[in-house]
Amino acid sequence: PQIGFNYLGRYSAADMPEELRGLGWTQVLDVDDADAVWDASMPAMSTLEINSYVTDTAQGPRLNATFAFARGVLAEDEVQELAHLWQTALTALAEYVAAPDVGGLTPSDLPLVAVDQERILEWERAYPGLADVWPLTPLQSGLLFHSRFSDAPFDVYQVQLVFHLSGRVEPERMRAAGQALLDRHANLRSAFVPHSGGWAQLVTDEAELPWHEADLRAVPEGERAEAFERLLAEDQQTRFDPASPPMMRLTLVRLEEERSELVFTAHHVLFDGWSIPLLLQDLLRLYGCGGDPGGLPAERGYREFLAWLAGQDPDAAARAWAEELDGVDEPTLLA
């Protein structure tokens, strides 16, 4: 290799074994005059060798580096320039990380999508707290396409579930449970934006749950059911904006002192049908523990599935399905 680099660790007087300190060994804090000189007959393992380590001093930790080089290949002023550039870069990095509100994603943080730094910066400006960027599955892309370009007066992929609750419900406790559910599952916090001819889902590190309460207890009993149906229709007609997460909301409707309805409305692009009982189970457990997720089992993120899917061979899958459906040339019942 052209460059050999060693980081030898961090040293302090406390690291020295007691038996060595007892023999009079001490730590050398200034090694400028203690560099070993290579014998001219020794082969160079690399053109340039950098050995670095950190020592604890009265002024705080100090990074030391020694640049050794083969004179027959490099000139001293070239190595001085490289060392100066390296020191300048380290200084700039240290000043950057010490400033408030620093950080952010780079393309290497987002291995599941192809994106440049300029686009990442645009997304971070539009979505403060951007935590990850994922691709969409083919099914998600199809659902989103039909939702965006359908002429229907309502979104057929906007799922509205109504759960009948008996007993007294504590609204703030249910709201905390819904927020904890949103915090627990990153895919529920996704925004969907156009990217590279398709879509990308931007995952934010937090999102506030849209929460609504309606009290129909004062409505005459004979009119209560109709009033509730009007509320459901209005909720169903209120579309989600894919670019504004979360595409999910909860509405608690009080019908009687010990009878309520919980309206769970979300877009199908966030989860599939198999996930609904799992989400409901999490919601009820979170309600039971006041929104504290500590007692719930570890959650396996949707990102794991997307990473697995990215490693599959789409051409092989297409060939397998083409073979399976060979001869089918008209609408066909699958079962």
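## Contacts and overall form

In this predicted model, residues 24 or more positions apart make up 65% of the chain's contacts, counting those with a separation of 6 or more. The secondary structure consists of nine helices and 10 strands.

The radius of gyration is 31 Å, whereas a compact globule of 335 residues would have one near 20 Å. Along the principal axes, the C-alpha atoms occupy a box of roughly 100 × 60 × 35 Å. One pair of residues illustrates a long span: Phe154 and Met42 are 112 residues apart in sequence, and their C-alpha atoms are 79 Å apart in space. Phe154 belongs to the loop between α4 (138-149) and β5 (158-166). Its relative accessibility is 40%, so Phe154 counts as partly exposed, because the partly exposed class runs between the 20% and 50% limits.

## Surface and charge

Buried residues account for 33% of the 335 in the chain. The accessible surface is about 21,600 Å², and carbon and sulfur atoms contribute 56% of that area.

The chain carries 23 positive and 55 negative charges. The mean positions of these two sets lie 9 Å apart.

## Aromatic pairs

The chain has seven aromatic pairs. One of them joins Phe5 and Trp86: the ring centres are 6.4 Å apart and the planes stand at 70 degrees, so this pair is edge-to-face. The cut-off for that class is an angle over 60 degrees. Phe5 is in strand β1 (residues 3-11) and Trp86 is in helix α2 (residues 76-98), so the pair links distant parts of the chain, 81 residues apart. Phe5 is partly exposed at 45% relative accessibility, and Trp86 is partly exposed as well, with a relative accessible area of 28%.

Elsewhere, an aromatic cluster is formed by Trp134, Tyr302, Phe305 and Trp308.

## Acidic residues in three strands

Asp132 is in strand β4 (residues 130-134). Its relative accessible area is 12%, so Asp132 is buried, the limit being under 20%. Beyond four places in sequence, Asp132 touches Leu105, Asp109, Leu110, Gln201, Leu202, Val203 and Arg303. The contact with Arg303 spans a long stretch of chain: the two residues are 171 positions apart in sequence, yet their C-alpha atoms are separated by 9.4 Å.

Glu261, in strand β10 (residues 259-267), is also buried, with a relative accessibility of 5%. Apart from neighbours within four places in sequence, its contacts are Val162, Phe163, His164, Phe228, Thr251, Leu252, Val253 and Leu255. For Glu261 and Thr251, a sequence separation of 10 residues goes with a C-alpha distance of 8.2 Å.

Glu213 is found in strand β8 (residues 211-215). At 45% relative accessibility, Glu213 is partly exposed. With residues up to four places away set aside, Glu213 touches Pro171, Glu172 and Leu252. Leu252 is also among the contacts of Glu261. The C-alpha atoms of Glu213 and Asp292 are 22 Å apart, and the two residues are 79 positions apart along the chain.

## Backbone features in loops

The peptide bond from Pro245 to Pro246 is cis, and its omega is near 0 degrees. Pro246 is in the loop that runs between α6 (221-237) and β9 (248-256).

Ser196 has a phi near 50 degrees, which is a positive value in a residue other than glycine. Ser196 lies in the loop between β6 (190-195) and β7 (198-204). With 65% relative accessibility, Ser196 counts as exposed, the cut-off for that class being over 50%.

Terms used:
Residues are numbered from 1 along each chain as its sequence is written. This is a predicted model: local features need pLDDT of at least 70, side-chain atom pairs count only at pLDDT 80 or more; totals for chains, interfaces and linings use all residues. Side-chain values use heavy atoms; hydrogens and water are left out. Helices (H or I, at least four residues) and strands (E, at least two) are DSSP runs, numbered from the N terminus. The radius of gyration is taken over C-alpha atoms; the globule rule is 2.2 Å times the number of residues to the power 0.38. Buried means under 20% relative accessible area, exposed over 50%, partly exposed in between (1.4 Å probe, protein chains only). Contact means heavy atoms within 4.5 Å. Accessible areas come from the Shrake-Rupley method with a 1.4 Å probe; for residues, only the protein chains shown count as cover. Lys and Arg count as positive and Asp and Glu as negative; His and the chain ends are not counted. The place of a charge is taken as NZ of Lys, CZ of Arg, CG of Asp or CD of Glu. Rings of Phe, Tyr and Trp (its six-membered ring) pair if their centres lie within 6.5 Å; planes under 30 degrees apart count as stacked, over 60 as edge-to-face and the rest as tilted.
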